[in-house]
Amino acid sequence: MILLYHKVDLESPTIWWVHTNAFYRQMQALQGYQVVYLDDYDPGDPTQVVITFDGIYEDVYKYALPILKHFGYAFELFIVGDTVGQDNAFDQHVEPPAMFAGKDQLRELVKSGGRLQWHSRSHPDLTLAENAGLIDAELDVPTDLRKLDPRGFKWFGYPHGKHNDALLDKTRGQFAGGLSCAAGNDHDQYQLNRIIVTNDTNLAPSTVSVIIANYNYG
């Protein structure tokens, strides 16, 4: 399975924010899996899991990174190029204020086990693009960002989790794979689904409970 996080913080004002306590419990539960990078992911292997973040927000650096380092997990970071080091003013009609990670924070995330991937330049709904030139511009990774992670930017996260045939064709020509949300499947590397994680998401592997009945014994 592929997990999708947006924000990890001390507070959880909306569904897109996972509380640090819940995040720690979820990472602890992943000890029952093999946490891998997307490059090594086999969708047919139920023992594998990939941790991904979209944004990337500053609180991922502040609060998620120490926990990820504690468990030694690999993780993927899907950045929106135009938002690096900026605030989320465009989103504050529905979301509380939040800052996106700057270049220095992204470098530290990469040094600590993260890999940078691409989530478009400005996060538009590319299924509504009227010409191929707009898609090309959104899929192009600027050189200064690419230098932050020479091993990264092989995978594309579809903005808003949406894709169509035109976007799929462009993605296949430029990336090793593409990630959707509910609109994809578990066998096409360019339409892999992700699970949107909330505070209530239970990631513990299946368990079997055994009850031993006894009478007057310690």
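**Notebook: charges, rings and a surface patch**

I began with Arg 172 and found its side chain meeting that of Asp 188 in a salt bridge, 3.1 Å from N to O. I note here that the model is a predicted one. This pair links distant parts of the chain, with Arg 172 in helix H6 and Asp 188 in the loop between strand S9 (177-179) and S10, 16 residues apart. I looked up the exposure of both ends. Asp 188 has 16% relative accessibility, so it counts as buried. Arg 172 has a relative accessible area of 37% and is therefore partly exposed.

Which other residue forms a salt bridge with Arg 172? I found Asp 169, with the closest N and O atoms 3.9 Å apart. Both residues of this pair lie in helix H6 (residues 165-174), 3 residues apart, which is about one turn of the helix. Asp 169 counts as exposed because its relative accessibility is 53%.

I then took the count of salt bridges, which comes to 14. One of these I checked against the cut-off: Arg 151 and Asp 149 have their closest N and O atoms 4.0 Å apart, and the rule asks for within 4 Å. I logged the pair as a salt bridge. Is Asp 149 buried or exposed? Asp 149 is buried, at a relative accessible area of 1%. Its partner Arg 151 is partly exposed, at 41%.

I also noted a network of salt bridges that links Asp 39, Arg 115 and Lys 154. Arg 115 came up again when I looked at charges over rings: its charged end sits over the ring of Tyr 37, 3.8 Å from the ring centre. A second entry of this kind is Lys 7, whose charged end sits over the ring of Tyr 57 at 4.2 Å from the centre.

Next I turned to the rings themselves. How many aromatic pairs does the structure hold? I have 11 on record. Among them, Phe 53 and Phe 75 have ring centres 6.3 Å apart and planes at 90°, so I entered the pair as edge-to-face. It links distant parts of the chain: Phe 53 belongs to strand S5 (residues 48-55) and Phe 75 to strand S6 (residues 75-79), 22 residues apart. Phe 53 is buried, with a relative accessible area of 0%. Phe 75 is likewise buried, at 0%.

Phe 90 and Phe 100 make a stacked aromatic pair, 6.2 Å from centre to centre with 15° between the planes. Both lie in the loop between S6 and helix H3 (103-111), so this pair ties together parts that are 10 residues apart in sequence. I looked up the exposure here too. Phe 90 is exposed, with a relative accessible area of 51%, whereas Phe 100 counts as buried at 3%.

Going back to Phe 53 and Phe 75, I found that ring pairs link them with Tyr 5 and Phe 23 into a cluster.

My last entry concerns the surface. Which residues form a nonpolar patch there? They are Ile 15, Trp 16 and Ile 196, with about 280 Å² of accessible area together. I placed Ile 196 in strand S10 (residues 195-196). Its relative accessibility is 36%, so Ile 196 counts as partly exposed.

Technical notes
Residues numbered from 1 in each chain as written. Predicted model: local features only at pLDDT ≥ 70, side-chain atom pairs only at ≥ 80, totals over all residues. Heavy atoms only, no water. Patch = residues over 30% accessible without salt bridge, like charges linked within 9 Å, V, L, I, M, F, W, Y side chains within 5 Å. Areas by Shrake-Rupley, 256 points an atom, 1.4 Å probe, with all protein chains shown as cover. Helix = DSSP H or I, 4+ residues; strand = E, 2+ residues; numbered from the N terminus. Buried < 20%, exposed > 50% of the residue type's maximum accessible area, 1.4 Å probe, protein only. Phe/Tyr/Trp six-rings, centres within 6.5 Å; stacked < 30°, edge-to-face > 60°. Lys NZ or Arg CZ within 6 Å of the ring centre and 35° of its normal.
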